[in-house]
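Student: I'd like a close look at one part of this model, please. Pick a good starting point and follow it outward, telling me how each piece connects to the next.

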Amino acid sequence: MTVAGIDLSANEFWGLPLAERAASFTLLRAQQRPQFFAEPEVPFAFERGPGYYALVRHADIVEASRNPEVFSSRRGATSITDLPVEFNEYFGSMINMDDPRHARLRRIVSRAFTPRMIARFENDVRRAATAIVDDLLAAGPCDFVPQVAARLPLKVICDMMGVPDDQYEMVLTKTNIILSGFDPEFISADPDEVAIQLLGAGQELAELVTGLAAARAQAPADDVVSALVTANIDGEQLTSAELASFFILLVVAGNETTRTALSHALMLLTEFPEQRALLLADLEGRIGGAVEEIVRHASPVLFMRRTLTRDYTMNGQDYREGDKAVLFYYSANRDEAVFADPERFDITRAPNPHVGFGAPGPHFCLGAHLARHEITVMLRELLTRVPDITAGEPDRLLSSFINGVKRLPCEFAS
């Protein structure tokens with residue numbers, strides 16, 4: 001393997017086995033400077049851009065994240081290529097903003113995601129996890145993704161937002177399209193149809209929350225949409241467009257990333273049986289560390305992009321205004337300078353300063369507390385009642401953005 005043979009912009013790279021991908025990032029981290037790559041071709045982008053620097057070291061990603069006035073999100077964070085404004089507005093919400101607009105929106109919506117607010121849903125999360133394991137035991141060995149991993153975050157986020165039960169399947173389907181990468185199972189091979197599919201999925205979710213918001217404005221309920229519709233901080237409220245784009249962000253990110261973490265959790269506990277035994281020996285004492293290690297190892301969101309607002313020097317590399325830098329969290333979470341034996345799954349790893357929820361800074365994941373809680377509750381229920389469950393061979397999502405699992409057979413003594 002050589003540096004010249006690595007192309008992080010090629011779909012083929014993200015279809016490689018995980019071990020080959022990890023080895024590629026190990027080689028990139030060993031280089032004296034960040035490598036520069038041509039941008040991927042995206043059918044609905046304005047044009048192919050000038051390229052980007054791949055930030056693969058933990059220190060670089062932390063520094064960039066702590067300096068948002070230099071490493072800007074406004075021109076797009078979830079896509080390496082520059083996309084039309086409507087894509088950023090629909091699919092990025094706060095992720096594609098800088099302060100002061102980012103701070104204003106986050107200040108309003110964060111009221112709905114405090115630990116106190118999430119604590120109100122704790123009993124609902126536990127009941128949902130219990131019902132999911134009940135159904136798993138009744139079904140027997142099956143596909144773990146739709147039966148377990150996808151169900152909990154979907155129900156929790158939909159219930160929190162006040163989405164009716166009969167809309168769950170639609171939300172899941174549209175989420176799969178939006179975060180499909182270019183996996184042909186979800187996205188058309190016809191470039192002219194891709195934008196229509198993506199914008200159509202976003203439009204359906206926007207229409208759903210617009211209808212919910214109108215109803216809650218007349219009759220508020222005990223849900224997040226009501227809290228957002230009625231939120232007023234120093235005279236500030238969400239516009240309907242901001243509410244729609246935030247809702248899309250929330251249901252997409254809240255579903256896919258936790259689903260991915262739970263799928264990887266079963267894979268890791270199968271691959272490292274000694275860690276499973278360690279966890280089962282003291283479930284309550286070790287589950288917190290296990291959740292952090294699962295998120296580190298899985299790195300559900302593989303990257304975010306930033307654009308330089310001015311010339312800047314970081315760790316010996318000179319950047320120019322307008323340069324693009326892509327923060328590969330997956331690589332940072334395997335940086336040998338920070339994590340000893342990084343490919344090993346170790347639930348006792350401490351400290352564990354992973355960037356699985358983003359690095360420190362204003363864009364750290366707003367839903368990190370909720371995600372940790374969901375993973376903890378689901379694993380506790382699963383390992384208490386089905387301690388022998390194991391994973392088969394995964395069918396992975398072909399995506400450079402989400403380290404997703406489409407299907408995952410599971411086995412246990414029924």
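Tutor: Let's start with a sulfur atom: that of Cys158 has its closest cysteine sulfur in Cys365, 17 Å away, which is too far for a bond. Keep in mind as we go that this is a predicted model. Cys158 is buried, and its relative accessible area is 0%. Another cysteine, Cys142, has a sulfur 4.0 Å from its closest cysteine sulfur, the one in Cys410, and that is also too far for a bond. The cut-off for a disulfide is 2.5 Å between the sulfur atoms, and the structure holds zero disulfides. As a reminder, a disulfide is a covalent bond joining the sulfur atoms of two cysteines.

From there, let's turn to helix 8. This helix runs over residues 151-161 and contains both Lys155 and Asp159, four residues apart, about one turn of the helix. Those two side chains form a salt bridge, with 2.9 Å between the closest N and O atoms. Both partners are partly exposed: Lys155 has a relative accessible area of 31%, and Asp159 one of 27%.

Helix 8 also takes us to a pocket. Along with helix 6, helix 7 (144-149), helix 9, helix 12 and strand 10, helix 8 supplies at least two residues of the lining of the second largest pocket. That pocket encloses about 390 Å³ of space. Its lining is made up of 24 residues, and Val145, Pro146, Ala150, Leu172 and Arg259 are the ones nearest the centre. Sorted by class, the lining has 14 nonpolar residues, eight charged and two polar.

Now let's follow some of the contributors to that lining, beginning with helix 12. Helix 12 covers residues 240-271, 32 residues in all, and spans 46 Å from first C-alpha to last, close to the 46 Å expected at 1.5 Å a residue. Of those 32 residues, 26 are buried, so helix 12 is largely enclosed by the rest of the structure.

Strand 10 brings in another charged pair. In this one, the side chains of Lys406 and Asp183 meet in a salt bridge of 3.1 Å, N to O. Lys406 sits in strand 10 (residues 405-407) and Asp183 in the loop between helix 9 (168-178) and helix 10 (191-218), so this pair links distant parts of the chain, 223 residues apart. Here both partners are buried, with relative accessibility of 16% for Lys406 and 3% for Asp183.

Helix 6 has a long-range partner too. Its Asp134 forms a salt bridge with Arg385, and the closest N and O atoms are 2.4 Å apart. Because Asp134 lies in helix 6 (residues 122-139) and Arg385 in helix 16 (residues 368-385), the pair ties together parts that are 251 residues apart in sequence. Both ends count as partly exposed, Arg385 at 31% and Asp134 at 35%.

To put these pairs in context, the structure has 24 salt bridges by the usual cut-off of 4 Å between side-chain nitrogen and carboxyl oxygen. Some of them join up: Glu39, Arg75, Asp82, Arg305 and Lys324 are linked in a network of salt bridges.

Methods: Residues are numbered from 1 along each chain as its sequence is written. This is a predicted model: local features need pLDDT of at least 70, side-chain atom pairs count only at pLDDT 80 or more; totals for chains, interfaces and linings use all residues. Side-chain values use heavy atoms; hydrogens and water are left out. Buried means under 20% relative accessible area, exposed over 50%, partly exposed in between (1.4 Å probe, protein chains only). The expected span of a helix is 1.5 Å times one less than its number of residues. On a 1 Å grid over the protein atoms alone, a cavity is a set of points where a 1.4 Å probe fits but cannot get out, and a pocket is an open set with protein on both sides within 12 Å along at least five of seven lines; lining residues have an atom within 4 Å of a point. Grid points are joined across faces, edges and corners, and a volume is the space filled by probe spheres set on the points. Ala, Val, Leu, Ile, Met, Phe, Trp, Tyr, Cys and Pro count as nonpolar, Asp, Glu, Lys and Arg as charged, and the others, Gly among them, as polar.
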